[in-house]
Amino acid sequence: MRITEIARAVAQEVAARPNKPQLRGLHQATIKKNIAVGLVLSVISAVALKLAYNDPRKANYANFYKNYDAEASFERMRKAGWFQSAPADD
C-alpha cells in the first residue's frame with residue numbers, strides 16, 4: 001500500500017505542475033542538434049555515393065583497360081580515316 005500512495009502523490013504533483021518552455025539556450029541547443037544531424041546525413045550520403053556510384057565505375061574502368069588493346073584501337077581508327085597525320089592504307 002505504501003508504494004501506491006507514493007506513486008499517486010507523485011502523479012498528482014507531476015500533473016499539477018505545468019511544463020515550462022525552454023527559454024534560455026534554445027537556439028544554441030537547436031543549432032547543435034542540426035549540426036549533428038547534418039554531419040551524420042552528410043557522412044551517410046558520402047558513403048552511399050561511394051558504394052553506389054564510384055566503386056562500380058572504377059571497376060568498369062579497370063575491367064575495360066584490363067582488356068583494352070591500344071594498338072588495335074589505333075589501327076581501327078587509322079583505317080577509318082580519323083587521323084590526318086596517319087593516312088589510311090586501304
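The following questions and answers concern a predicted model of one protein chain.

Student: In what order do the elements of the protein chain run from the N terminus on?
Tutor: The model has 3 helices and 0 strands. Helix H2 covers residues 26-66, and helix H3 covers residues 70-80. From the N terminus on, the order is α-α-α.

Student: What is the radius of gyration of the protein chain, and is the chain compact or spread out?
Tutor: For 90 residues the globule rule gives 12 Å, and the chain is well over that value, so it is more spread out than a compact globule. The C-alpha trace spans about 105 × 35 × 15 Å along its principal axes. The radius of gyration is 35 Å.

Student: What share of the residues counts as buried?
Tutor: Buried means under 20% relative accessible area. Ser73, at 8%, falls in that class, and so does Arg78, at 11%. Of the 90 residues of the chain, the buried share is 3%.

Student: Which residue has a side chain in polar contact with that of Ser73?
Tutor: Ser73 lies in helix H3. Its relative accessibility is 8%, so Ser73 counts as buried. The contact between the two side chains is 3.4 Å long, and the partner is Tyr68.

Student: Is Asn67 buried or exposed?
Tutor: Asn67 is in the loop between helices H2 and H3. A polar atom of the Asn67 side chain lies 3.4 Å from the backbone oxygen of Asn63. The cut-off for exposed is over 50%. With a relative accessible area of 59%, Asn67 is exposed.

Student: Which residue meets Glu75 in a salt bridge?
Tutor: Side chains of opposite charge can pair when their charged atoms come close. Glu75 is partly exposed at 29%, and its partner lies in helix H3 as well, 3 residues apart from Glu75, about one turn of the helix. The N to O distance in the bridge is 2.7 Å, and the partner is Arg78.

Student: What is the N to O distance in the salt bridge of Asp55 and Lys50?
Tutor: Asp55 is partly exposed, with a relative accessible area of 26%, and Lys50 is partly exposed at 42%. The chain has 2 salt bridges by count. In the one formed by the side chains of Asp55 and Lys50, the N to O distance is 3.0 Å.

Student: How far apart do the centres of the positive and negative side chains lie?
Tutor: The chain carries 14 positive and 8 negative side chains. Each set has its own centre, and the two centres are apart by 22 Å.

Note on methods. Residues numbered from 1 in each chain as written. Predicted model: local features only at pLDDT ≥ 70, side-chain atom pairs only at ≥ 80, totals over all residues. Heavy atoms only, no water. Helix = DSSP H or I, 4+ residues; strand = E, 2+ residues; numbered from the N terminus. Buried < 20%, exposed > 50% of the residue type's maximum accessible area, 1.4 Å probe, protein only. Polar contact = N/O pair within 3.5 Å; in protein donor to acceptor, adjacent residues only side chain to side chain. Rg over C-alpha atoms; globule rule 2.2 N^0.38 Å. Lys, Arg positive; Asp, Glu negative; His and termini not counted. Charge placed at Lys NZ, Arg CZ, Asp CG, Glu CD. Salt bridge = Lys/Arg side-chain N within 4 Å of Asp/Glu carboxyl O.
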